[in-house]
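Hi,

Here is the structure I said I'd pass on. Have a look at it first, and my notes on what turned up are underneath.

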Amino acid sequence: MALPGQDVEHIFAEIVERARAMDPANARKWFDQLAVLHFDGGSIRIGCPDEANVHFLDQNSRSTFTRAAQQVTGHLVTVEFIVGGAEPGAAPHDIESGLSLHPDYTFENFVVGPSNRLAHASCVAVSQSPGQTYNPLFLYGSAGLGKTHLLHAVCHDVRRRNRGAAIQLLSCEDFVNRFIRAIEQGTISSFHNQFRTVDALVIDDVQFLREREQSQEEFFHTFNALYNNGKQIILSADSPPAEIPSLEARLTSRLNWGLVARIDPPSYETRIAIVQNKAHLRGLSISDDVAEYIARQVQANIRELEGALTTIYALATTTGEPVTLELAQRALEGQIRLAARRVTITDIIDVVTRHFDVRITDLQSKRRSQSVTMPRQVCMYLARQMTRHSLEEIGGHLGGRDHTTVMHACNKIAEEKDADPKMQALLTELSKQITLSSPM
Ligand code: ADP
Ligand code: MG
């Protein structure tokens with residue numbers, strides 16, 4: 001089915017609008033820059049400004065766009081995101097680097113205040129001349145204060161200045177897992193190659209190295225190889241090097257060689273600016289009184305500031321009301337009450353085993369029959385949604401499964417939930433029971 005260009009533009013605009021409304025949490029202002037590159041009724045190829053946008057959409061918005069396209073066109077449409085502009089034959093703006101950066105996590109989108117000024121300034125300095133100012137650069141602070149954001153911002157900036165720069169950015173958990181896999185598969189020399197030959201190595205959450213002696217040893221040699229060649233090393237953690245438990249002394253001392261910058265919780269003024277910045281990023285307008293209200297309610301964690309914003313706008317979308325201070329209060333009061341109930345994995349396992357009439361030992365066993373696999377995957381999905389445990393910890397509660405198994409389970413259930421209203425209803429019902437069963 002060929003459509004005239006104008007119609008295609010029009011339909012596409014409607015799809016984007018619907019996708020925004022369906023999932024306000026992942027709606028972004030830069031969706032305006034998306035373009036239809038190909039549309040034949042059964043499939044739609046969407047051009048994005050660069051790789052980071054493609055990655056974001058693949059991770060967060062594929063099913064939303066698929067559903068939106070289905071609703072707008074009335075039939076099944078497969079959605080594909082690629083790098084490319086609207087002009088026919090336009091060259092991609094970026095080459096595939098294997099680097100998965102979050103498009104929001106740039107210096108432009110980072111609000112600087114007294115709590116993060118040093119960390120921000122040192123990241124800017126390092127991205128301007130990698131390997132030459134502070135090496136290593138070590139950022140630390142509690143969860144949700146912007147460490148990952150700054151690490152991505154450095155990578156965005158280094159790549160913008162030098163497209164050819166070889167950068168590895170990964171979580172420490174990933175580093176450890178890839179190292180273990182390399183040992184198992186006998187591919188350690190290609191592992192060395194991957195990490196010891198880069199221009200910049202950026203590792204997030206290095207507290208994950210604690211008690212992992214062999215990984216510490218590997219990291220130590222990686223560090224030395226890069227450092228001796230003047231290559232940049234940037235690390236983040238939840239505490240300063242000396243306070244990471246059972247980290248070898250020779251490693252601790254190296255982590256202190258460069259600059260160690262602390263990030264503190266943001267002040268009230270900075271929180272207001274961040275809320276306004278996040279609203280702007282999503283293309284939302286926000287009044288001062290609502291921004292101030294959110295900044296007063298949520299103090300310790302910036303991720304939760306964003307969550308509050310999402311909750312408020314989701315309520316406004318579902319009820320069709322304007323975002324007023326009164327609506328914001330209504331939206332957050334419910335959320336604050338919910339946050340007070342702390343759901344544990346045990347609560348989740350209890351409800352799920354009762355519902356499916358299976359035993360907890362079945363969930364933890366190696367059995368792979370559908371009657372056990374499905375409840376097990378549902379547990380993993382709900383634990384991911386309702387608790388703050390890592391993939392690894394969730395796997396630990398369910399028979400010592402590794403983080404990739406848990407991630408796979410979460411994706412599978414999320415897909416089923418999108419495709420099947422029965423699964424959606426089941427998950428809603430289970431979450432309700434779990435919330436009610438956990439103590440206030
Ligand atoms: P951490 O890695 O320290 O746990 P993140 O970098 O994941 O924290 O930040 C959590 C969220 O808060 C992210 O969405 C990030 O964009 C946002 N954020 C943190 N600090 C700032 C800031 N100064 N300005 C804008 N957004 C911020
Ligand atoms: Mg982080």
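Before anything else, a word on naming: helices and strands here are DSSP runs, numbered from the N terminus, with at least four residues for a helix (H or I) and at least two for a strand (E). Also bear in mind that this is a predicted model.

With that naming, Asn277 sits in helix 10, which covers residues 268-281. Buried means under 20% relative accessible area, and Asn277 has 17%, so it counts as buried. Setting aside residues up to four places away in sequence, Asn277 touches Glu108, Asn109 and Val111.

Now the overall layout. The domain assignment splits the protein into domain 1 (5-83), domain 2 (117-262), domain 3 (268-337) and domain 4 (345-437). Between domain 1 and domain 2, the C-alpha centres are 35 Å apart.

Helices 2 and 3

How do helix 2 and helix 3 cross? Helix 2 runs over residues 51-60 and helix 3 over residues 62-73; their axes come within 5 Å and cross at roughly 75 degrees. Angles of 65 to 115 degrees count as roughly perpendicular, and therefore that is the label for helix 2 and helix 3. The residues that meet are Leu57, Asp58 and Asn60 from helix 2, and Arg62, Thr64 and Phe65 from helix 3. By type, the residues of this contact divide into two nonpolar, two polar and two charged.

Val77 follows, in the loop between helix 3 and strand 3. With 4% relative accessibility, Val77 counts as buried. Not counting neighbours within four places in sequence, Val77 is in contact with Gly41, Gly42, Ser43 and Ile44, and also with Thr66, Ala69 and Gln70. Phe65, one of the helix 3 residues in the contact with helix 2, is 12 residues from Val77 in sequence, and their C-alpha atoms are 9.4 Å apart.

The nonpolar core

As background, nonpolar side chains tend to be buried together in soluble globular proteins. Which residues touch the most other members of the largest nonpolar core? They are Phe138, Ile203, Val206, Phe219 and Leu235, out of 27 residues in that core. Two or more residues each come from strand 4 (137-140), helix 6 (172-185), helix 7 (188-196), strand 6 (200-204), helix 8 (213-228), strand 7 (232-237) and helix 9 (249-255). Helix 6 gives the largest share, five residues.

Leu235 is a good one to click on. Leaving out residues up to four places away in sequence, Leu235 touches Leu137, Phe138 and Leu139, then Ile203, Val206, Phe219 and Leu255.

Backbone oddities

Most residues other than glycine have a negative phi, and most peptide bonds are trans. A few spots here go the other way:

- Asn135 and Pro136 are joined by a cis peptide bond, with omega at about -5 degrees. Pro136 is in the loop between helix 4 (117-128) and strand 4.
- Glu211 is not a glycine, but its phi is positive, near 65 degrees. Glu211 lies in the loop between strand 6 and helix 8, and at 58% relative accessibility it counts as exposed.
- Ser246, again not a glycine, has a positive phi of about 45 degrees. Ser246 belongs to the loop between strand 7 and helix 9, and at 46% relative accessibility it counts as partly exposed.

Two more residues

Where is Val112? It is in the loop between strand 3 (78-83) and helix 4. Val112 has 34% relative accessibility and counts as partly exposed. Apart from residues up to four places away in sequence, Val112 touches Arg117 and His120. Val112 and Pro266 are 154 residues apart along the chain, yet their C-alpha atoms are separated by 9.3 Å.

Then there's Thr353: buried or exposed? Its relative accessibility is 12%, so Thr353 counts as buried. Thr353 is part of helix 14, residues 345-356. Outside its neighbours within four places in sequence, Thr353 is in contact with Val358, Arg359, Ile360 and Leu363.

Cheers

Definitions and conventions: Residues are numbered from 1 along each chain as its sequence is written. Chains are lettered from A and ligands numbered from 1 in the order in which they are written. This is a predicted model: local features need pLDDT of at least 70, side-chain atom pairs count only at pLDDT 80 or more; totals for chains, interfaces and linings use all residues. Side-chain values use heavy atoms; hydrogens and water are left out. Axes are lines fitted to C-alpha atoms, for helices over the stretch in contact, and angles run from 0 to 180 degrees between N-to-C directions. Angles under 35 degrees count as roughly parallel, over 145 as roughly antiparallel, 65 to 115 as roughly perpendicular and the rest as oblique. Contact means heavy atoms within 4.5 Å. Ala, Val, Leu, Ile, Met, Phe, Trp, Tyr, Cys and Pro count as nonpolar, Asp, Glu, Lys and Arg as charged, and the others, Gly among them, as polar. A nonpolar core is a set of buried Ala, Val, Leu, Ile, Met, Phe, Trp, Tyr and Cys residues joined through side-chain atoms within 4.5 Å. Buried means under 20% relative accessible area, exposed over 50%, partly exposed in between (1.4 Å probe, protein chains only). Domain bounds come from an automatic or database domain assignment.
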